[in-house]
Amino acid sequence: MADLPFMPLDARFADVLGLIDTLVNEFRGQADIFMIAKEMESDVDDIMPALNAAVYLGFVEVRDGDIKITESGKEFLNARIVDRKRILRQKLLDLEPFHTAYNLGLSKPFTINDLIEELNKEGYIEVREPGIAHLLEILLAEWGAFAGILKKKGDEYISLP
């Protein structure tokens, strides 16, 4: 029950990519979070969703306020687009809401409300956030579609093999 990490609802793919790219190219793979925020011309609070997503994806580690790129993060950053999609697909299937969405879509098309209902049954309190339907739509469209996990037809989603 609610045992997989939940992707930060406000994490955006471009921000995660920008974070790990900055970490590698500007700081040789390791830096203080405040230095990265300064380089990215952001506040620490603004980069937290991307940082948390990068941690959940296994692209970075955080120790004593320092962010360090992992081997997986280096592989992802240096990969061709087709390989990035494959890597991301594997990692997203171990995160919510993608795990549940993918499993729902294997048996039949599902709506965002179906996904919310299923995640709620599994004990994920994140789905009680105001505006959750819209936030999930963005996550599924941005991350799930890029990684080739899901496809949207009208108001319904299906899983891609």
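In the predicted model, the side chains of Arg-12 and Glu-142 form a salt bridge, with an N to O distance of 3.9 Å. This contact links distant parts of the chain, since Arg-12 belongs to the segment before α1 and Glu-142 to helix α8 (residues 132–146), 130 residues apart. Glu-142 is classed as partly exposed because its relative accessibility is 25%, a value that lies between the limits of 20% for buried and 50% for exposed residues. In total, seven salt bridges are present in the structure. Side chains of opposite charge can pair when their charged atoms come close.

Helix α8 takes part in a further contact of this kind. Lys-152 and Glu-137 are joined by a salt bridge through their side chains, at 2.9 Å from N to O. Lys-152 is located in strand β4 (residues 150–153) and Glu-137 in helix α8, so this pair ties together parts that are 15 residues apart in sequence. Both partners are partly exposed: the relative accessible area is 41% for Lys-152 and 26% for Glu-137. Elsewhere, Arg-80, Asp-83 and Arg-86 are joined into one network by salt bridges that share partners.

A salt bridge is also found between the side chains of Arg-63 and Glu-61, with 3.6 Å from N to O. Arg-63 is exposed, its relative accessible area being 56%, whereas Glu-61 is partly exposed at 33%. Strand β2 covers residues 60–63 and pairs with strand β3, residues 66–69, in the antiparallel sense. Four bridges connect β2 and β3. Across this pairing, Val-62 is placed opposite Ile-67 of β3. The hairpin formed by β2 and β3 has two residues between the strands, and Asp-64 in this hairpin adopts a positive phi near 50 degrees.

Strand β3 pairs with β1 as well, again in the antiparallel sense, over three bridges. Here Gln-30 has Lys-68 in β3 as its bridge partner. In a regular strand the side chains alternate between the two faces of the sheet. In β3, Ile-67 and Ile-69 make up a covered face, while Asp-66 and Lys-68 make up an uncovered one. Ile-67, which stands opposite Val-62, is thus assigned to the covered face of β3, and Lys-68, the bridge partner of Gln-30, to the uncovered face. Asp-66 is placed in strand β3 and counts as partly exposed because its relative accessibility is 25%. The C-alpha atoms of Asp-66 and Met-48 are 13 Å apart in space, with a separation of 18 residues in sequence.

Positive phi values occur in loop residues too. Arg-28 has a phi near 55 degrees, which is positive in a residue other than glycine. This residue lies in the loop between α1 (13–27) and β1 (30–32). Arg-28 is exposed because its relative accessible area, 84%, is over the 50% limit. Glu-41, likewise not a glycine, has a positive phi of about 55 degrees. The position of Glu-41 is in the loop between α2 (33–39) and α3 (44–56). With a relative accessible area of 76%, Glu-41 is exposed.

Glu-41 also contributes to a surface feature. Together with Asp-21, Glu-26 and Glu-39, Glu-41 forms a patch of negative charge on the surface.

A cis peptide bond is found from Glu-96 to Pro-97, with omega near 5 degrees. Pro-97 is situated in the loop between α5 (81–92) and α6 (98–107).

How values were computed: Residues are numbered from 1 along each chain as its sequence is written. This is a predicted model: local features need pLDDT of at least 70, side-chain atom pairs count only at pLDDT 80 or more; totals for chains, interfaces and linings use all residues. Side-chain values use heavy atoms; hydrogens and water are left out. Patches are made of residues with over 30% relative accessible area and no salt bridge: like charges are joined within 9 Å, nonpolar side chains (Val, Leu, Ile, Met, Phe, Trp, Tyr) within 5 Å. Accessible areas come from the Shrake-Rupley method with a 1.4 Å probe; for residues, only the protein chains shown count as cover. A salt bridge is a side-chain nitrogen of Lys or Arg within 4 Å of a carboxyl oxygen of Asp or Glu. Lys and Arg count as positive and Asp and Glu as negative; His and the chain ends are not counted. The place of a charge is taken as NZ of Lys, CZ of Arg, CG of Asp or CD of Glu. Two strands pair if DSSP finds at least two bridges between them. Buried means under 20% relative accessible area, exposed over 50%, partly exposed in between (1.4 Å probe, protein chains only).
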